[in-house]
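Hi,

Here is the structure I promised to pass on. Have a look when you get a moment, and my notes are underneath.

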Amino acid sequence: MLFEGFKVCLSFNNIMACFAGAVLGLFVGAMPGIGSLAGVALLLPLTYKFNPTTAIIMLGALYYSNMYGGSYSAILLNIPGDSPAIMTCLDGYPLASKRKQPGKALMTANTASFIGGTIGIIILTIMGPLLADIGLKFGPAEMTALLLVAMTSIGWLVGKNPTKGVVLTFLGILVACIGMDTLTGSPRFDFGNTYLLGGIPFTPFVIGTVGFAQVMRLMEERHNAVKCEFDRLTIKASMLDGHDMKRILPFAIRSGLLGTFVGVLPGAGATTGAFLGYAAAKGFKTEVPLGTGAIEGVAASEAANNAAAAGAFAPLLALGIPGSGTGAVLLGGLMMWGLNPGPLLFKTNPDFAWGLIASLFLANILTLLIAIGIIPFLLKILAVPVKVLIPCIITVCVVGSYSATYSMYGVIVMGISGVIGYVLEKYGYSTAPMLLAYVLSPLLEEKMRKAFIISHGSVATFFEKPIACFFMIVLFAIVLTPVVRAILTKAGVVKKKK
Amino acid sequence: MKRFCVGLLAFAMMASVFANGTTEQGGDTSFNPAKDINWTVTSKPGGGSDIYTRMITDIAKKEGFVTKNFLINYKTDGGGEVGRAAVANTKGDLANYTLLTFNSGDLMPMDKNTNNRLANFKPICLMAVDKQVLLVNADSKYQTMQAVIDGVKAGDQIVIAGSREDDYMTFKALINELGFTEQQIPYINNDSTSDAITSVLGGHVAIALAKPAASQAYVESGKMKAILALSNKRFTGVLADAPTLNEVGPYKAVEVPVWRGLAGPAEMSDAAVKYYSDLMRKVSETETWQNDYIKKNGLISEYMSCEEAAPFMVQFEKDYLKKIGKDK
């Protein structure tokens, strides 16, 4: 069936649609504030008159290649192009700015995106419906346990001062609480303001906290900015050698597998995939410490988010269930184009379903080639004077934040969170724990409360279900290991770590 | 020269009378749009409301019922409340060129969470009605509604998953009729019907409360079974086997129809309301609307003109406010 799919997607129209989607996705992904959700939502109305297969190929390529593009501004400017690229900033920007290897950072991101995406697409091809069924097994109790494990990764992000990290974590949870209670629809912390009823919008908050804060730092340091001089801004100079490939391959493969799986889970999405992919990398040795410009960190984050984007198609195509916010928009598109997304899609519209999967292979290759080709152009951004760069970035952040909410509310949120992010960083508070808590805690709250409703309040549900029990054991192991180790070290049973 | 200038000025002043944007002739008795029409949708693109709106606007343009363009604006802030408030506050001539996709699923949270009320709008029409169905997993031990009732009475932990306020109101009506409490048969709210269906497919929740459109594919594929039609009469097609509640036992049939309609600001003129109401009637009578939207989504075509829709929506709001204790 996949070969039939290739026959469908390799028509001239569909190749051009794939190419157009890939280019647009790179562009949309690179611009801070405009992510795949905004890109797909903006383009969707234009595709209503297209042939459904051509339309989904273009939008699918846009969604997928957006994951490539999101890393560019993360690496070059420390501003994530979209939320899955937040973790790419942690190593990508230090690698570009402090270690003076922007070309290598971009190439690592592209290569890891390709590897992770390929893994995701192959798994989708071989076992798409099975993957979707596995995703179904993750109900509220299972997701709660998994998300608690994910929340422990905040511990690795708190930096040298755990107290500050914990304060920021709770601040992130508090911000996430603003709006309507997901289960009862009751307003929380809205202060009678209609805008706050919808909560603090995700994209403007993230772009403000990380991106706009970075812009303010650039403004502050503009007189001290040293013009970056890079001797060789060529593709050849950016290529990864055998040693680099050996370093990133295990991380890319691991994160690719993890990201695919996370992409399948209900509500998880590429952002959660990238967080978990990066957190998983923390458990393995790297040549340089993660967070200081390690290519392994860039590879882990990028492979995971591309794999998650591919994985999200599994429940969408096999069951008609969107795995992410962007998937929900695509689902609407499927209905608009006259299709019936659901368990029968592969039977009633095999050309469409397999054409889309085949086009993801094509989009992966096309995007990689385009992405590598534009590296010298991207690197030239670093040579742009800061006084020109700042207004451009501000404009893009404003446009992106506006497009998230179709109103100035998003822009105001971006501005305020930017100021908060700037002040926090100035006083030594890393905003990464706040963002992780903000992303994960609404999902955790929703799943946990549902789990308690289903079990009529019994905690035993987290230990009676096998998958949930497994993750709870992992959680206890993660939490208790340092405590036990400290006790044993004090008792002299275990040697102290140097 | 002076006379020429005065004459020119007089002509310009006279011409400005005919350059008036609203060509309301003979007072308030007729309306014909002279400029593009703004249409507010208070949910994201790709969703049900977006599809509904685009279907109407596409048909209206294609069939030549309207010559001006529809400018669709997505205003999702505050769960859509900002968009609804903005439409309610639209004044002057702009009010005649402002439409709002308005469903029961919009009215209920608006009444529950804000002080905005239907009185701030002018109902224009109703276009379609939707009902709900109860679904179970194909291998669930509750293969009939009677089995569910027996299970609840025996103390089984049965949970119903639905989405949003309109599903919750139907759930409340159902358990009231059955004589159960929410403690006996809890309800889980989800952001979307697909989340509710996912939880049943995964075996985590026993029953999903869903619209026929979202259910058909799963019932047809054999993954789920419809055990109850929340309607006064049975559905057709793949859902035809689901009985109504009065067929299950000594109960009345339960239905809390979900409606899709259209509204304008309170300051919209009666002539403009009548115009849009007639426009929507023409759209609802087209084959494209009936086949590509109503039948395809398992809806019930139920056009109500402005004269019928207004008292219907007013009564709906009154009943809802009473149910939530905000009817003072």
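Below is what I found, starting with confidence and then going through each chain and the contact between them.

**Confidence**

First off, this is a predicted model. For the complex, the predictor reports an ipTM of 0.76 and a pTM of 0.80. Chain B has a mean pLDDT of 86, with 91% of its residues at 70 or more. The stretch to watch is residues 10-27 of chain B, where pLDDT stays under 50. In the model, that stretch has 12 contacts beyond four places in sequence.

**Chain A**

Chain A has 24 helices and 2 strands. Of its 498 residues, 58% count as buried. If you take the contacts in chain A between residues at least 6 apart in sequence, 78% of them join residues at least 24 apart.

The domain assignment splits chain A into domain 1 (2-464) and domain 2 (465-498). Where these two touch, 13 residues come from domain 1 of chain A and 10 from domain 2 of chain A. On the domain 1 side, the elements giving two or more residues are α7 (140-152) and α23 (461-464) of chain A. The biggest contributor there is α7(A), which gives 7 residues. By class, that domain 1 side has 8 nonpolar, 2 polar and 3 charged residues.

What else does α7(A) come up against, with axes that come within 8 Å? The partner is helix α22 (residues 432-454) of chain A, and the two cross at roughly 145 degrees. The crossing of α7(A) and α22(A) is left-handed. If you want to click through it, α7(A) brings A:P140, A:A141, A:M143, A:T144, A:L147, A:A150 and A:M151 to the contact. From α22(A) you'll find A:L440, A:L443, A:L444, A:K447, A:M448, A:K450, A:A451 and A:I454. In terms of chemistry, the contact of α7(A) with α22(A) consists of 12 nonpolar, 1 polar and 2 charged residues.

The other helix pair I'd point you to is α12 (residues 242-264) and α13 (residues 269-281) of chain A, which pack at an angle of about 145 degrees with their axes 9 Å apart. Is this crossing left-handed or right-handed? For α12(A) and α13(A), it is right-handed. On the α12(A) side the contact uses A:F251, A:R254, A:S255, A:L258, A:G259, A:V262 and A:G263. The α13(A) side puts in A:A270, A:T272, A:G273, A:L276, A:G277, A:A280 and A:A281. The class split for α12(A) with α13(A) is 7 nonpolar, 6 polar and 1 charged.

**Chain B**

Chain B contains 12 helices and 11 strands. Its C-alpha atoms fill a box of roughly 100 × 45 × 30 Å along the principal axes. Of the 328 residues in chain B, 48% are buried. For contacts in chain B with a separation of 6 or more, residues 24 or more positions apart account for 73%.

Chain B is also assigned two domains: domain 1 (35-129 + 258-323), which is written as two segments, and domain 2 (132-248). Their C-alpha centres lie 29 Å apart. The contact between them takes 9 residues from domain 1 of chain B and 6 from domain 2 of chain B. On the domain 1 side, α4(B) gives the most, with 5 residues. That side of domain 1 of chain B divides into 4 nonpolar, 4 polar and 1 charged.

**Where the chains meet**

The contact between the chains takes 41 residues from chain B and 40 from chain A. On the chain B side, the elements that each supply at least two residues are α2 (48-62), β2 (70-74), α3 (81-88), α4 (104-113), β7 (187-190), α7 (193-201) and α8 (212-220) of chain B. Among them, α7(B) has the largest share, with 5 residues. The side of chain B that touches chain A has 13 nonpolar, 16 polar and 12 charged residues.

One thing to keep in mind while browsing: α4(B) turns up twice, since it supplies residues to the side facing chain A and also gives the most to the domain 1 side of the domain contact within chain B.

Cheers

How values were computed:
Residues numbered from 1 in each chain as written. Chains lettered and ligands numbered in written order. Predicted model: local features only at pLDDT ≥ 70, side-chain atom pairs only at ≥ 80, totals over all residues. Domains from an automatic or database assignment. Contact = placed C-beta atoms within 7 Å. Helix = DSSP H or I, 4+ residues; strand = E, 2+ residues; numbered from the N terminus. Nonpolar A, V, L, I, M, F, W, Y, C, P; charged D, E, K, R; others polar. pLDDT = per-residue confidence, 0-100. Buried ≥ 20, exposed ≤ 12 C-beta atoms within 10 Å, placed from the backbone. Axes fitted to C-alpha atoms, helices over the stretch in contact; angles between N-to-C directions. Left-handed = near helix turned anticlockwise from the far one by under 90°.
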